[in-house]
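Visitor: Good morning. Could you take me through this structure, one topic at a time?

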Amino acid sequence: MPLGRSRAWTTRLAFGAAGIGNLFTAVSDEDAAEAVGAAWEAGIRSFDTAPHYGLGLSERRLGTALRGRPRGQFTVSTKVGRLLEPVRAASAGELADEFADDFAVPATHRRVWDFSADGVRRSLDASLERLGLDHVDIVHLHDPDGHEDDALRHAYPALERLRAEGVVKAIGIGMNQSAMPARFVRDTDVDVVLLAGRYTLLDQSALSDLLPEAARRGVAVVAAGVFNSGLLAAPAPGATYDYAAAPPGLLARALRLQATCERHGVPLRAAAARFPLGHPAVAGILIGLRNAREVADAAHQSHRPIPGALWRDLLAEGLLPEGTPFPEGN
């Protein structure tokens, strides 16, 4: 596996900037800036955002917080596939905060799916302006679940041209499934995959398709959604799995995972953050962060010593399938 290519696009822990785009709840400008600053102090140098996150708010805040940092010392990834089109309100008073697509932002724009070549360029131009950058390190095709043909025939070739021009350093695909990214790894020259929720302590579905293919081709995988939207961070009745109430069977499994971790003195969220790094295709993990306190906890848990006996017990208890790779050492 050509590690030089696979490891170039992320630090071991990457900053997911959906939270500072007001995902689920509003975040102040000050908290957003402090979160990015704390991440920098913790050694995090990879930052992921998207136009979708808060209708551009995440990109603007991230760009502002990174301004003045040495450009050669960090990577930024953003995404294409949704254009932001302005909307006209009947009056300024009617433009209230709302949770459109789970983001608490004023409804000044609407999201429009567009995986055309022109749409890719327009989206990236707007992102560069919001970020205040002249290039981005990675551009991901963002959730092309219902647009696979357009993404392959139009959006991906447009990104190849932008990569050749130096406007984009790497091409990626970011999804909540593993089958379509596996096809892109096989059929295109993508550099990186941002995989959300499909390689975690509760879901190892990427082991059957994406991860072996990525390892074979030397494509970096960044594991996001390592807590499956909350259940692996704090399993309890009412916890969410993939942004919906966790089914009873999954909650029971998460509680068993937690009990095994506790016997080894390890918080479940620490094991969940470390687990994906056991696969050779996984170059890093991405955790959504919205304030300095969350950054400090994520940095601590992602580097917390974990005994090998914990992973062996999870295998022995049937909580992980046989043959699952796990991180070596502490």
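Guide: Certainly. This is a predicted model. To begin, helices H2 and H3 are oblique to each other, because their axes cross at roughly 55° and this angle falls in none of the parallel, antiparallel or perpendicular ranges.

Visitor: Where in the sequence are H2 and H3, and within what distance do their axes come?

Guide: H2 covers residues 29–41 and H3 covers residues 57–66; the axes come within 9 Å. H2 passes H3 in a right-handed crossing.

Visitor: Which residues meet there?

Guide: From H2, Asp29, Ala32, Ala33, Val36 and Trp40 meet Arg61, Leu62, Ala65 and Leu66 of H3. Sorted by class, this contact holds 7 nonpolar and 2 charged residues, with no polar ones.

Visitor: Changing topic, which residues touch the most other members of the largest nonpolar core?

Guide: That core has 90 residues, and those touching the most other members are Phe15, Phe47, Leu141, Phe184, Leu201, Val221 and Ile287. Helix H5, residues 148–165, gives the most to this core, with 7 residues.

Visitor: What is valine 221 in contact with, leaving aside its neighbours within four places in sequence?

Guide: Its contacts include Val193, Leu195, Leu210, Leu211 and Ala281. There is also a second, separate core of 12 residues, among them Val192, Val222, Ala283 and Leu286.

Visitor: And how do H8 and H11 cross?

Guide: The axes of H8 (residues 248–263) and H11 (residues 308–316) cross at roughly 145° and come within 9 Å. The crossing is right-handed. Leu257, Thr260, Cys261 and Arg263 of H8 make the contact with Leu310, Asp313 and Leu314 of H11.

Terms used:
Residues numbered from 1 in each chain as written. Predicted model: local features only at pLDDT ≥ 70, side-chain atom pairs only at ≥ 80, totals over all residues. Heavy atoms only, no water. Axes fitted to C-alpha atoms, helices over the stretch in contact; angles between N-to-C directions. Helix = DSSP H or I, 4+ residues; strand = E, 2+ residues; numbered from the N terminus. Parallel < 35°, antiparallel > 145°, perpendicular 65-115°, else oblique. Left-handed = near helix turned anticlockwise from the far one by under 90°. Contact = heavy atoms within 4.5 Å. Nonpolar A, V, L, I, M, F, W, Y, C, P; charged D, E, K, R; others polar. Core = buried A, V, L, I, M, F, W, Y, C linked by side-chain atoms within 4.5 Å. Buried < 20%, exposed > 50% of the residue type's maximum accessible area, 1.4 Å probe, protein only.
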